[in-house]
Amino acid sequence: MSRAVVFAYHNVGVRCLKTLLARGVDVALVVTHEDNPNENIWFGSVAQVCREYDIPYITPDDPNTPEVEQQVAALNADFLFSFYYRNMLKAPLLESVKRGAFNMHGSLLPKYRGRVPVNWAIIKGETEAGATLHVMNVKPDNGPLVAQQAVPILPDDTAEEVFVKVTVVAEQCLYDVLPSLLDGTAVFKPQDLSQGAYFGGRKAEDGRIDWQQSATQVHNLVRAVTRPYPGAFTDTPHGRLILWRTRVAAASGSQGPLALFAADGKLFARAADGSVLRVLDAELAGQTLTVDTLASLPGQMLQLV
């Protein structure tokens with residue numbers, strides 16, 4: 001039986017850890033994170049899976065310490081797996097196992113290497129996302145590919161919806177390739193790094209809307225950072241406007257100011273180039289925005305900047 005040490009977090013961590021167990025891998029230790037009380041924890045718990053399956057686990061703030069390195073090395077494991085673990089793993093950990101270290105990344109590598117790849121793919125208007133199992137080395141997300149599977153990004157999919165799809169194919173990808181990985185017959189394919197780039201993490205302020213962009217670009221931002229994320233927003237004289245759900249309207253090139261307005265009992269937002277968004281769910285100053293709310297404002301519209 002092959003033995004593994006697993007670094008895991010989030011839904012992909014939960015599903016991939018269970019996949020290893022289903023394939024008969026001896027998981028000797030799991031390294032995961034303590035949940036941050038200041039973060040919206042909308043995803044599954046790797047620690048809970050460990051408790052249910054009686055798997056030893058630890059939650060160090062920094063895994064790259066002599067204590068953790070020694071603990072992992074002492075297990076004499078065959079494999080190290082990383083499934084949405086948030087910290088970079090340095091050489092002593094990667095080299096402490098006999099048969100290699102592997103990471104499951106939520107993009108179609110070499111595209112969208114780095115942080116929050118699903119959110120970035122939506123922001124950039126991609127029509128596909130996916131999951132990739134690859135060899136780990138000291139540089140993030142650039143080792144040879146082991147397995148990869150794509151999912152579609154539909155025009156109105158949110159980041160959470162796409163992440164659900166990515167979680168499913170991450171599980172499938174790992175399940176399919178594990179037999180060949182365990183018996184040593186898996187084929188590794190070097191990445192062509194020129195075909196992709198690194199992307200950094202995102203913070204709440206990155207959800208600020210640039211109304212000089214087109215309605216499609218604004219829509220992509222909205223769906224990339226909508227719930228359970230902080231949301232796409234703009235500040236107005238009447239308070240912060242958060243757009244939670246939008247759709248690109250059929251009308252384009254319409255005349256009028258850059259503003260949020262009502263027509264035919266529906267809410268719309270006009271971008272600088274005249275393209276228009278249908279606004280399906282929004283808040284203004286912490287309250288649900290409705291056509292009646294907008295009608296109470298001077299000029300019955302909300303200027304956008």
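The protein has 8 helices and 16 strands; helices (H or I, at least four residues) and strands (E, at least two) are DSSP runs, numbered from the N terminus. This is a predicted model, in which local features need pLDDT of at least 70, side-chain atom pairs count only at pLDDT 80 or more, and totals for chains, interfaces and linings use all residues. Residues are numbered from 1 along each chain as its sequence is written, and side-chain values use heavy atoms, with hydrogens and water left out.

**Exercise 1. Get a feel for the whole chain.**
Task: What does the C-alpha trace span along its principal axes, and what percentage of the residues count as buried?

Solution:
- Step 1. The C-alpha trace spans about 70 × 40 × 30 Å along the principal axes.
- Step 2. Of the 305 residues, 49% count as buried. Buried means under 20% relative accessible area, exposed over 50%, and partly exposed in between (1.4 Å probe, protein chains only).
- Step 3. The accessible surface is about 14100 Å², and 50% of it belongs to carbon and sulfur atoms. These areas come from the Shrake-Rupley method with a 1.4 Å probe; for residues, only the protein chains shown count as cover.
- Step 4. Take the contacts with a separation of 6 or more: residues 24 or more positions apart account for 69% of them. Contact here means heavy atoms within 4.5 Å.

**Exercise 2. Walk across the sheet.**
Task: In what order do the 7 strands of the open sheet stand, and which strands are at the edges?

Solution:
- Step 1. The order is β3-β2-β1-β4-β5-β7-β8, with mixed pairing. Two strands pair if DSSP finds at least two bridges between them.
- Step 2. β3 (57–58) and β8 stand at the edges; each has a single partner strand, so one side of each is left without a neighbour in the sheet.
- Step 3. Now start at β1 (residues 3–8), which pairs with β4 in the parallel sense over 5 bridges. Look for Phe7, which stands opposite Ser82 in β4.
- Step 4. Move on to β5 (residues 101–105), which is parallel to β4 over 4 bridges. Here Phe83 has Met104 as its bridge partner.
- Step 5. Between β5 and β7 the pairing is antiparallel, over 4 bridges, and Met104 stands opposite Leu133 in β7.
- Step 6. Finish with β7 and β8 (residues 145–152), an antiparallel pair with 7 bridges. In β8, Gln148 is the bridge partner of Thr132, and Ala150 is that of Gly130.

**Exercise 3. Look at how β4 and β7 are covered.**
Task: How many residues of β4 are buried, and which residues lie on each side of β4?

Solution:
- Step 1. In β4 (residues 79–83), 5 of 5 residues are buried.
- Step 2. Phe79, Phe81 and Phe83 are on one side, with Leu80 and Ser82 on the other; both faces are covered.
- Step 3. For β7 (residues 128–135), the count is 7 buried residues of 8.

**Exercise 4. Find the centre of the nonpolar core.**
Task: Which residues touch the most other members of the largest nonpolar core?

Solution:
- Step 1. A nonpolar core is a set of buried Ala, Val, Leu, Ile, Met, Phe, Trp, Tyr and Cys residues joined through side-chain atoms within 4.5 Å.
- Step 2. The largest core has 71 residues, and Phe81, Phe83 and Met104 touch the most other members.
- Step 3. Helix α6 (residues 159–183) supplies the largest share of this core, 11 residues.
- Step 4. Another core, of 16 residues, lies apart from it, with Val5, Phe7, Ile58 and Leu89 among them.
- Step 5. Leaving out residues up to four places away in sequence, Phe81 touches residues including Phe7, Leu20, Phe102, Leu174 and Leu181.

**Exercise 5. Compare two residues.**
Task: Is His10 buried or exposed, and is Glu95 buried or exposed?

Solution:
- Step 1. His10 sits in helix α1 (residues 10–22). His10 counts as buried because its relative accessibility is 7%.
- Step 2. Beyond neighbours within four places in sequence, the contacts of His10 include Trp42, Tyr84, Arg86 and Phe163.
- Step 3. Glu95 lies in the loop between α4 (91–94) and β5. Glu95 counts as exposed because its relative accessibility is 65%.
- Step 4. Glu95 and Phe79 are 16 residues apart along the chain, and their C-alpha atoms are separated by 9.8 Å.
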